[in-house]
Amino acid sequence: MFFFKMSVTEAIESLKRASSFGLGSQPSQPDMLKLLEKVEKQHPASKSPELEYWLGIAWRNYTAWFVRGDERKPYLEKAITHFDKAYKMETESKGTNWITYASELGKLLIDEAIVRDLDRGIFLLGQVYDNTTDYEPELCSYADALYKANRFQE
């Protein structure tokens with residue numbers, strides 16, 4: 001059987017289409033899962049922070065759309081892993097998208113109780129807060145985390 005390998009650019013575009021409202025209709029659960037598994041299998045050691053970011057977005061959205069209860073944890077952990085890779089690659093290369101990656105990762109670590117890591121989420125969103133003057137919606141999660149951690153003065 002012929003197996004078509006997607007380039008990184010093709011994989012990113014496929015993940016965007018599957019994950020984003022306005023870029024087409026929402027995929028079915030089996031189609032989205034098949035796409036996610038295919039991209040991960042074809043690019044296991046990706047050097048692209050953008051691909052890792054879109055894998056994180058896609059796993060997060062897949063979980064929100066199709067998975068309920070405690071079954072959400074392994075899928076959210078996949079999203080965290082990909083967001084974390086994107087963030088680390090971007091900061092190591094002194095890239096400019098690290099705020100986006102840190103925002104998504106920090107928000108997920110704060111908002112999702114099943115995978116919550118308040119300390120790490122606060123650290124990440126604290127960096128976003130300290131390094132931007134723009135409105136970042138994820139900073140609402142930062143304030144919520146500081147409240148949950150009884151760090152009101154911050």
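I take helices (H or I, at least four residues) and strands (E, at least two) as DSSP runs, numbered from the N terminus. E37, my starting point, is found in helix α2.

**Ground rules**

I am working from a predicted model, where local features need pLDDT of at least 70, side-chain atom pairs count only at pLDDT 80 or more, and totals for chains, interfaces and linings use all residues. I number residues from 1 along each chain as its sequence is written, and side-chain values use heavy atoms, with hydrogens and water left out.

**Entry: E37**

I looked up accessibility here. I call a residue buried under 20% relative accessible area, exposed over 50%, and partly exposed in between (1.4 Å probe, protein chains only). E37 has 43% relative accessibility, so I log it as partly exposed. I also took a C-alpha distance: E37 and L55 are separated by 9.9 Å, and they are 18 residues apart along the chain.

**Entry: salt bridges**

My rule is a side-chain nitrogen of Lys or Arg within 4 Å of a carboxyl oxygen of Asp or Glu. The count by this rule comes to nine salt bridges.

I started with E13 and K16. Their closest N and O atoms are 3.5 Å apart, a salt bridge. Both sit in helix α1 (residues 8–19), and because they are three residues apart, about one helical turn separates them. An α-helix has 3.6 residues a turn, so residues three or four places apart point the same way. E13 is partly exposed, at 34% relative accessibility.

K16 has another partner. The side chains of E50 and K16 meet in a salt bridge at 3.8 Å, N to O. E50 lies in helix α3 (residues 49–66) and K16 in helix α1, so this pair ties together parts that are 34 residues apart in sequence. E50 comes out as partly exposed at 35% relative accessibility.

Next I checked D84 and R120. This salt bridge has its closest N and O atoms 2.6 Å apart. It links distant parts of the chain, with D84 in helix α4 (residues 72–92) and R120 in helix α6 (residues 118–130), 36 residues apart. D84 counts as buried at 14% relative accessibility, while R120 is partly exposed at 26%. Back to shared partners: E13, K16 and E50 are joined into one network of salt bridges.

**Entry: helix α5**

Helix α5 (residues 98–111) has 14 residues. From its first C-alpha to its last it reaches 20 Å, close to the 20 Å expected at 1.5 Å a residue; I get the expected span as 1.5 Å times one less than the number of residues. Eleven of its 14 residues are buried, so α5 is largely enclosed by the rest of the structure. Among the buried ones are W98, Y101, G106 and I110. What covers them? The cover includes α3, α4, α6 and α7 (139–148).

I picked Y101 in helix α5 for a closer look. Y101 is buried, with a relative accessible area of 4%. I count a contact when heavy atoms are within 4.5 Å. Leaving out residues up to four places away in sequence, Y101 touches P49, E50, Y53, A86, Y87 and E90. The C-alpha atoms of Y101 and D84 are 7.7 Å apart.

**Entry: nonpolar core**

I define a nonpolar core as a set of buried Ala, Val, Leu, Ile, Met, Phe, Trp, Tyr and Cys residues joined through side-chain atoms within 4.5 Å. The largest one has 42 residues, and those with the most contacts inside it include L15, L36 and F83. Helices α1, α2 (29–42), α3, α4, α5, α6 and α7 each supply at least two residues of this core. Not counting neighbours within four places in sequence, L36 is in contact with L15, L55, A58, W59 and Y62.

**Entry: aromatic pairs**

I pair rings of Phe, Tyr and Trp (its six-membered ring) if their centres lie within 6.5 Å; planes under 30 degrees apart are stacked, over 60 edge-to-face, and the rest tilted. I get nine aromatic pairs by this rule. Y62 and Y75 form a tilted pair, 5.5 Å centre to centre with 55° between the planes. Y62 lies in helix α3 and Y75 in helix α4, so the pair ties together parts 13 residues apart in sequence. Y62 is buried at 1% relative accessible area, whereas Y75 is partly exposed at 23%. W59, Y62, W65, F66 and Y75 form one aromatic cluster.
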